[in-house]
Structure formats: C-alpha cells, structure tokens
There are 2 protein chains.
Amino acid sequence: MDNDLKDALIKKGISPSYHRLKIYEYLWENRTHPTADDIYNAIIKQIPTLSKTTIYNTLKTLGEKGLVSSITIEDNEVRYDADIAFHGHFKCTRCGALYDIDPEHIMLDKKNNVGKKILGHLVTEKQVYYKGICKKCQH
Amino acid sequence: MDNDLKDALIKKGISPSYHRLKIYEYLWENRTHPTADDIYNAIIKQIPTLSKTTIYNTLKTLGEKGLVSSITIEDNEVRYDADIAFHGHFKCTRCGALYDIDPEHIMLDKKNNVGKKILGHLVTEKQVYYKGICKKCQH
DNA sequence: ATCATTGCAAACACTTTGCATACGC
DNA sequence: GCGTATGCAAAGTGTTTGCAATGAT
C-alpha cells in the first residue's frame, strides 16, 4: 500500500523522500480536505523536525505533477485533496466542514470540460462549490 | 442613476455616505471583478484621503446586505462583483483576467439551487469557475 | 563530492483590529 | 452633542523566499 504511493511518486518523476511520502500518504488516507496547517499538525507528531516549508514545497510539487488538487473556497485557506477525479464541494459556513459532492448531484455534465473551449476560452480546470449549512448543523 | 444606487443602499438599511456610494458606484459600472486593491486605486484619485480600511468595511457591509458578491478563485485575492445574479467565471491563468460565464454555457441548471438541499445540506450559495487560457492569450 | 531536500528566519501580501479623529443629522 | 463613518498604524494570517545545513548516492 505504501509502495503504491511510492510508485505513484516515482512514476511522476518525484523522488520519494520520507517526508514527501508521509505527506502524500496523509492526503491519501484523510479525505477531509486538510489545509497545509492541518497536514503539518498531523505529521509533526511522527516527524518532530518537520517544517512548514517542506509541507508547502511538497504540496506545490505534488500539485504541479497532478497528484493532488487544491481547492480554494475561502480566501484565507487552500485545501488539498488526493482525489483528483472531478467532483464538487460543499462548505458548511457554520462548522467549516468540507464535503465532497458527486457530479450527478449537482446537475452537471460528468465531464469537467477540461481540454474543451467555452466561449473561446480553453479550460484546464473546473471547480464547483456550494456554501450553506450542512446536514449535521441543521438541528 | 446615482440616485438609483443611493436608493439601493437605503433600501438595504445602509446609510449612503459619499465613500460608500462611490465604492458601490465603481462596482456597478466596472464589471471587471476588481479586488479591494483595484477599487482603492481607482477611487483614491477622486477621494485622496480614502483609506483601505474604508474599502474593506464597505465591501463587508455591501456583501452582508447582498448588494455585492465576492468571488474567491485564487487564495490570495478576493474579487467583488455588483452582479449578484448567478453566473460562472473563467480565470485566465496567463493574463489573470476574469470573465463571466452564463449558466447556459456551462451545462448547469440555470437555477443555482440556493434554498434547496443537496445530500441533506442546505445551500445558500453556489460558485462555479473555470481556469485556463483565455481567448486573447491563445495566439 | 555533488546535487537535491529540508529547515529556519525573514519577508510578503492581504486583511482585520483598536482606537482616535472627524463628520453628519 | 451624539452616534456613526473614517483613517491610521499595528497586529494577524497564510504563504513564499533566501540561504545555510543536512542528507542521499
């Protein structure tokens, strides 16, 4: 399992250092759309010398190579996701949780239009998100 | 025309100070999705004593009262829009321009689902955006 | 020995906060 | 004159940068 992730890094030309592997592993196992800070606070327990810089460097590298996607909904926080298949998001404005939303639930075409043109503009990325009050917070 | 905007502020319970009116007027006339800084740099010419704080205060007030919507695509900049009808956006990663995209072009339902529930979550806001290379930058 | 990775501290950009001043009714 | 709006400066937050130290082959 660890080796699968390691191989994924190698396949993309990223040398699989211990730190990078741990960060990618964390994102792979925690589908909670963590921020850079969340990831840092989780992994520092296992790697006490870890620095934020390494988190940022690694997330940037993984992002550039297409292994993770980044989600910006609030201006003050970027969240990261190892699920790179197209899907929407729902952000609860009360508790802050971020949920995944399948394309079929948002009446979108399942394809994300990436590689196509809209009004003449070439699309390389698509994001759909909702805000509101999540299921748990409605009571 | 100025009076229409003034009345819109009054109707929402916002006292129409000169500064607030100028900021709202700027957003109304410039559908370029400016940042707080863009607005500041534009209006400082007419009101030399203007401060950024007033820009932020005003944008917050207008946003809370539903007169402008804010768009977050890049983590480091919030853009503002006096067009509060639902529509998508396209951000050019080369030149940075932000274009409006009509709902019909993005194969979405025209309704924005606001007030409805998705997977049990109550939706209060929906945003759709694309990134890519815009028409002008493709040559 | 060489090159890449990591870590620290400082720099940065945008936004918010606290409080004093000025304005409008 | 009183309450609100404004402005300044400082603090805060998340991220990036420069460079030195460390690690791997």
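Helices (DSSP runs of H or I, at least four residues) and strands (runs of E, at least two) are numbered from the N terminus. On this definition, chain A has 4 helices and 6 strands, and their order along the sequence is α-α-α-α-β-β-β-β-β-β. The structure is a predicted model, in which local features need pLDDT of at least 70 and side-chain atom pairs count only at pLDDT 80 or more, while totals for chains, interfaces and linings use all residues. Residues are numbered from 1 along each chain as its sequence is written, chains are lettered from A and ligands numbered from 1 in the order in which they are written, and side-chain values use heavy atoms, with hydrogens and water left out.

The C-alpha trace of chain A spans about 45 × 40 × 30 Å along its principal axes. Within this chain, strand E1 (residues 69-72) and strand E2 (residues 78-81) run antiparallel and are joined by 4 bridges; two strands count as paired if DSSP finds at least two bridges between them. One of these bridges links Ser69(A) with Asp81(A) in E2(A). The connection from E1(A) to E2(A) is a hairpin of 5 residues.

Salt bridges were counted as a side-chain nitrogen of Lys or Arg within 4 Å of a carboxyl oxygen of Asp or Glu. Side chains of opposite charge can pair when their charged atoms come close. Over all chains, the structure holds 10 salt bridges. Among them is the pair Lys52(A) and Asp37(A), whose closest N and O atoms are 2.9 Å apart. Lys52(A) lies in helix H4 of chain A and Asp37(A) in helix H3 (residues 36-43) of chain A, so this salt bridge ties together parts that are 15 residues apart in sequence.

The interface of the two protein chains was examined next. Contact (heavy atoms within 4.5 Å) involves 36 residues of chain B and 36 residues of chain A. The size of an interface is often given as the accessible area lost when the parts come together. Here the buried area, which is the accessible area (1.4 Å probe) that two parts lose on being put together, summed over both, is about 3,300 Å² between chain B and chain A, and carbon and sulfur atoms give 60% of it. Leu119(B), His121(B) and Tyr129(B) supply 19% of the area that chain B buries against chain A, more than any other three residues.

No salt bridges cross this interface, the rule finding 0 between chain B and chain A. Polar contacts are pairs of N or O atoms within 3.5 Å; within protein, one atom must be able to donate a hydrogen and the other to accept it, and residues adjacent in sequence count only if both atoms are side-chain atoms. By this rule, 18 residue pairs are in polar contact across the interface of chain B and chain A (both at pLDDT 80 or more). On the side of chain B that touches chain A, two or more residues each come from strand E4 (98-101), strand E5 (117-118) and strand E6 (121-133) of chain B. The largest share, 13 residues, comes from E6(B). For the classes, Ala, Val, Leu, Ile, Met, Phe, Trp, Tyr, Cys and Pro count as nonpolar, Asp, Glu, Lys and Arg as charged, and the others, Gly among them, as polar. This side of chain B has 17 nonpolar, 10 polar and 9 charged residues. E6(B) also pairs with strand E6 (residues 121-133) of chain A, in the antiparallel sense and over 11 bridges. In this pairing, Leu122(B) is the bridge partner of Ile133(A).

The protein also lies near two DNA strands, where near means that a heavy atom of the residue is within 4 Å. DNA strand C is surrounded by 15 residues, of which the closest are Ser17(A), Arg20(A), Thr49(A), Thr54(A) and Tyr56(B). Of the atoms of DNA strand C that come within 4 Å of the protein, 73% are accounted for by sugar and phosphate. Phosphate oxygens of DNA strand C are 2.9 Å from a side-chain N or O atom of Ser15(A) and 2.6 Å from one of Ser17(A). A base nitrogen of DNA strand C is 3.0 Å from a side-chain N or O atom of Thr53(A). H4(A) gives the most to the surface near DNA strand C, with 3 residues.

DNA strand D is likewise surrounded by 15 residues, the closest being Tyr56(A), Ser17(B), Arg20(B), Thr49(B) and Thr54(B). Phosphate oxygens of DNA strand D lie 2.6 Å from a side-chain N or O atom of Tyr56(A) and 2.3 Å from a polar side-chain atom of Arg20(B).
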